Amino acid sequence: MQEYEVVVIGGGSAGLAAALSAYENGLNKILIIEKNSSLGGILNQCIHTGFGIHVFNEQLSGPEYAQRFIDKLDNTSIEIKLNSYVTKIDKDKTIYYSNDAEGFQVIKAKSIIMATGCIERTPGAIKLEGERLSGILTAGLAQRYLNIEGYLVGKKVFILGSGDIGLIMARRMTLEGAKVLGVAEIMPYSNGLRRNIAQCLEDFNIPLYLSHTVKEVKGKDHVEQVVICQVDENKNYILGSEKTFDVDTLILSVGLLPYNNVLEDLGVQMSSTKGAVVDENYQTSIEGIFACGNALHVHDLVDYVTKEAMQAGLGASRYVKGLLKHGKYIETKNKNGINYVVPQKFCLQNIDKEIMFKFRVTKPFQNVKILIQDGDRTIKSIKKMFLLPSEMENISLNLSELKDCKSLSIEIMED
Amino acid sequence: MTYDVAIIGAGIVGCFLARELSQYNLNVIVLEKDNDVGNEASMANSAIVHSGYDPIENTLKAKLNVLGNAMFDKICEELDVKFSRIGSLTLAFNEKEVETLKMLQQRAFNNGVDVEILTYEQIKQIEPFVNENVKAGLYAKTAGIVDPFNLCIHAMENAIDNGVTLILNENINKIIKENDLFILNNKYQSKVVINCAGINADEINNLVNKETFKIISRKGQYYVLNHFKDEFVKHTLFMVPSDKGKGVLISPTTSGNYLIGPSAEETNKFSKSTDLKTLDEVAKQANLMVDKIPYYQTIRTFAGLRATPSTHDFIIQESDTKNFINVAGIESPGLTSSPAIAKMVVEEIISKMLPLTKKENYNPKIKKYIKIKELTLDEKKKMFAIDKDYGTIICKCEQVSLGEIKDCLSRSCPPHSIKALKKRLRVGFGKCQGGMCQAEALSVLAKFYKVDKKDIMYDNLNSYILYSKTKGEN
Ligand SMILES: Cc1cc2nc3c(=O)[nH]c(=O)nc-3n(C[C@H](O)[C@H](O)[C@H](O)COP(=O)(O)OP(=O)(O)OC[C@H]3O[C@@H](n4cnc5c(N)ncnc54)[C@H](O)[C@@H]3O)c2cc1C
Ligand SMILES: Cc1cc2nc3c(=O)[nH]c(=O)nc-3n(C[C@H](O)[C@H](O)[C@H](O)COP(=O)(O)OP(=O)(O)OC[C@H]3O[C@@H](n4cnc5c(N)ncnc54)[C@H](O)[C@@H]3O)c2cc1C
């Protein structure tokens, strides 16, 4: 049986960076297994620019960003299997995959990095009301049809949810000649990046209906009408506020969910982000199995995916070389105003200089402090003008700040 | 060509009628308005093979339910359909309901169904998830669950293999009788017509007869939960029927998912819409039985329409017009009864209209379907040696390979739409609901049928997915 030092599952931006980092940190037998016929993952269908601002100081398109990493693979010993899907892994790190060239294969790995990306929340998951019709589809699927297959899914479009993909698609479909009649967002604030609201909606005069949701979808075989309605603080309909739009398409951009069917089957401890619980090296509850990228928690910027994956690659290389120490874990707690923190735990002995914590707030805040504490001791306090749930925050702490640390919590202090 | 029998409607009743008739030397045609078989009530129901304790004694419902239930092991073996006798528990929460259970036990006895009343402690042993306030339950071992999609599809595949003709997208709206022959939609001539048009059976009847019954449409809404690793309910859990209705059920499905529902509300005959208010009500009722239902695992909600007849029992008889047979008002337990209904119609009614001689080469079995996900590694490797396409996984959530899709397309009742493919192989039925694989599945269908991708429909003929090619792609 083939044995690798590290097998990376998923060849998107996370998988690519993780594999390269493992290689740069001294591993040689590295394999990337990717389901699609090319590397790059979701980046391949993101033909808009806005990638790489932090990593390359440039505004690249998705495929361009991916290509920078794909090019680097050339001079390495990293092996790649495309069109190959991993269906199962065992606790002893046996990996089962299949493709149309080798059939059903079983390989062994000393370590595994899960970089399987995310899926979109579906009409079913949000219990969308109304008829089940064609013409209701998620934004990422509509994006794939448009940017990869070359087809527009409709001419008159309404969008539910202000997630970034929906916003990007509002602009993209408008440029392709479709009419986007509006975007409804159930929350009183947008769930997309501020720059996307400005560049994708405002610049095209597409109305954003905050505190609104779709109450009904009507039609016979295909969408004919969408009825939206305002909601109160408890998300109950405010009857009488209904507006009806004659459209042929309803696009949903209502959130992304880490996709971890393989990890779930394996019985790895999962967190509220629907990704695995990980430590400072992105190691999961099973030793030697790491997770990063959108499979761990959904990122809005690819640059942070890359950085996270590099750390996971480094972690895997240290694990393989036996350099990871078995120290005591300190838990990170999300308190007031913080939705989640990654990593959920850390071991001081395995931190070189600093550690980055990533988190999202539960709702928008203005003029507040982010407070990081060890019990009663304030480690750091950071003033923030704006905090939005749609924008992932990150804070790095160095070892000296964490000296003698026994617990760690992050919370929002309002004045 | 003149057909011996024309069947209107390819729901489960039409599919089993076609299969039952296909054993004989008859020319049979099935006319279905939708782009697939089993596209109405037969695909949106609780998928329970009822034991038969519930229908009132001496009704057709009682008789055919019990007969039908007994036929499932053999039929599902022949037709390669998932079926499992997991048993049902009807739960009572107070003394009055316990009394009702005793009445149902007596009814079960009269109907010839083996049941047993269990105490809370006994129930807890076999079904640990039920709430503590359960007083007793009626346990029916013979109740089962079935894959209703493939029950229809495989029955029709088998019928077609044995010579039946299926015409899809043919909405029957005109029937005239001339010289003892029926002419349907000015196109199809037949000696005998069977009306099994589900919710529309009254309208079809009225094309040739005076109105003798009405079909009322009653909607039932459900939650579908994903399959997950943790333990959950293992039996079909019912509530004790009351004057308020039958109540909701919680049940595993043959694919490891869970159904919670249905509601019951009168509607028009077109709307299969769902609404949160009703679904909240369904959840409240279901929580009475099990309070730890993982609703966050919901992957879909849906509604089905019951064809409730004004006569309150199945209508299975020759109509006032000679050789025109109504099989109408087939509401629950219609799925369970369907094989017995087909047998009854053929043996008791059609046998008096047409000579029935058996075909020599009739084969009751279909070729087994390969399910890569369920094979051992060695078996998978063998399949790969036969066809490399078994190695390419198209649907990730349900792990369905290209080879399986191609096999399905080569069958005699193949999928023409994304939804038809989903019903057959579960492609796009999982957690991502096709978000990840629909584009690939659509490409496979377009390639197979040699059409442009935009000609592949989601379901019926007007349900396009792709509207137009973009500027750059002409
Ligand atoms: C539509 C969209 C627009 C975005 N826009 C921007 C932007 O403008 N700027 C920006 O900086 N960031 C943007 N982002 C964020 C960022 O690009 C993504 O978060 C990042 O690319 C995710 O990378 P990933 O490797 O974690 O996941 P993915 O790119 O999804 O890669 C996962 C890969 O794993 C493969 N895979 C999954 N399961 C298996 C398996 N079992 N076996 C084998 N292979 C498997 C998949 O095929 C896929 O290729 C956007 C994200 C999306 C979704
Ligand atoms: C909510 C719900 C839950 C249920 N649960 C169960 C259960 O757990 N167990 C059980 O045994 N039974 C159950 N049933 C009952 C069962 O589903 C039905 O009895 C059964 O599916 C009826 O089959 P059918 O063929 O008569 O009707 P249908 O499946 O509705 O088929 C009728 C067909 O006729 C076609 N048609 C209609 N009009 C025309 C026309 N003009 N021209 C051509 N074709 C036409 C339709 O397109 C359709 O394909 C349930 C029903 C519902 C609604």
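Which backbone lies 2.9 Å from a nitrogen atom of ligand 1? Select ligand 1 and look for A:Gly50: a backbone N or O atom of A:Gly50 is at that distance from the ligand nitrogen. The model on screen is a predicted one.

**Stop 1: ligand 1**

Keep ligand 1 selected and colour by chain; ligand 1 lies between chains A and B. Two further contacts can be drawn from here. A polar backbone atom of A:Asn294 is 2.8 Å from an oxygen atom of ligand 1. A backbone N or O atom of A:Asp300 lies 3.1 Å from a nitrogen atom of the ligand. On its own, ligand 1 has 1000 Å² of accessible area, and the protein covers 95% of it.

Now show the elements of chain A that each give two or more residues to the shell around ligand 1: helix H1 (13–24), strand S3 (49–51), strand S6 (85–89) and helix H7 (302–320). H7(A) provides the largest share, three residues.

Expand the selection to the 35 residues around ligand 1, of which A:Ala14, A:Glu34, A:Ile42, A:Asn294 and A:Val302 come nearest. A:Asn294 is thus among the nearest residues and also supplies the backbone contact to a ligand oxygen. Coloured by class, the shell shows 14 nonpolar, 15 polar and six charged residues.

**Stop 2: ligand 2**

Move to ligand 2 and show the 37 residues around it; B:Glu32, B:Ser42, B:Ile48, B:Ile330 and B:Thr336 come nearest. Three polar contacts are worth labelling here. The backbone of B:Val13 places an N or O atom 3.1 Å from a ligand oxygen. B:Leu335 has a polar backbone atom 3.1 Å from an oxygen atom of ligand 2. At B:Asn171, an N or O atom of the side chain is 2.9 Å from a nitrogen atom of the ligand. The protein buries 97% of the 1000 Å² that ligand 2 exposes when taken alone.

In chain B, select helix H1 (12–21), S18 and helix H8 (334–349), each of which supplies at least two residues of this shell. By class, the shell has 18 nonpolar, 13 polar and six charged residues.

**Stop 3: a sheet in chain B**

Stay in chain B and switch to a cartoon view. Select S3, S8 and S4: they form an open sheet of three strands in the order S3-S8-S4, with antiparallel pairing. Strand S3 (48–49) and strand S4 (83–84) are at the edges, each with a single partner strand, so one side of each has no neighbour in the sheet.

Zoom in on S4(B) and strand S8 (residues 144–146), which pair in the antiparallel sense over two bridges. Label B:Ser84 and, opposite it in S8(B), B:Ile145.

**Stop 4: the cavity**

How many cavities of 30 Å³ or more does a search of the whole structure find? There is one, and it holds about 510 Å³ of space. To find the site, select A:Ile136, B:Arg300, B:Gln433, B:Gln438 and B:Tyr458, which lie nearest the centre among its 30 lining residues.

Next, show the elements that give two or more residues to the lining. From chain A there is strand S10 (136–138). From chain B there are strand S18 (298–309), helix H11 (418–425) and helix H12 (438–449). S18 of chain B was also selected at ligand 2, where it supplies at least two residues of the shell.

Finally, colour the lining by class: 15 residues are nonpolar, 11 polar and four charged.

Note on methods
Residues numbered from 1 in each chain as written. Chains lettered and ligands numbered in written order. Predicted model: local features only at pLDDT ≥ 70, side-chain atom pairs only at ≥ 80, totals over all residues. Heavy atoms only, no water. 1 Å grid on protein atoms, 1.4 Å probe; cavity = no way out; pocket = protein on both sides within 12 Å on 5 of 7 lines; lining within 4 Å. Points joined across faces, edges and corners; volume = space filled by probe spheres on them. Helix = DSSP H or I, 4+ residues; strand = E, 2+ residues; numbered from the N terminus. Nonpolar A, V, L, I, M, F, W, Y, C, P; charged D, E, K, R; others polar. Pairing = 2+ DSSP bridges. Near = heavy atom within 4 Å. Polar contact = N/O pair within 3.5 Å; in protein donor to acceptor, adjacent residues only side chain to side chain. Areas by Shrake-Rupley, 256 points an atom, 1.4 Å probe, with all protein chains shown as cover.
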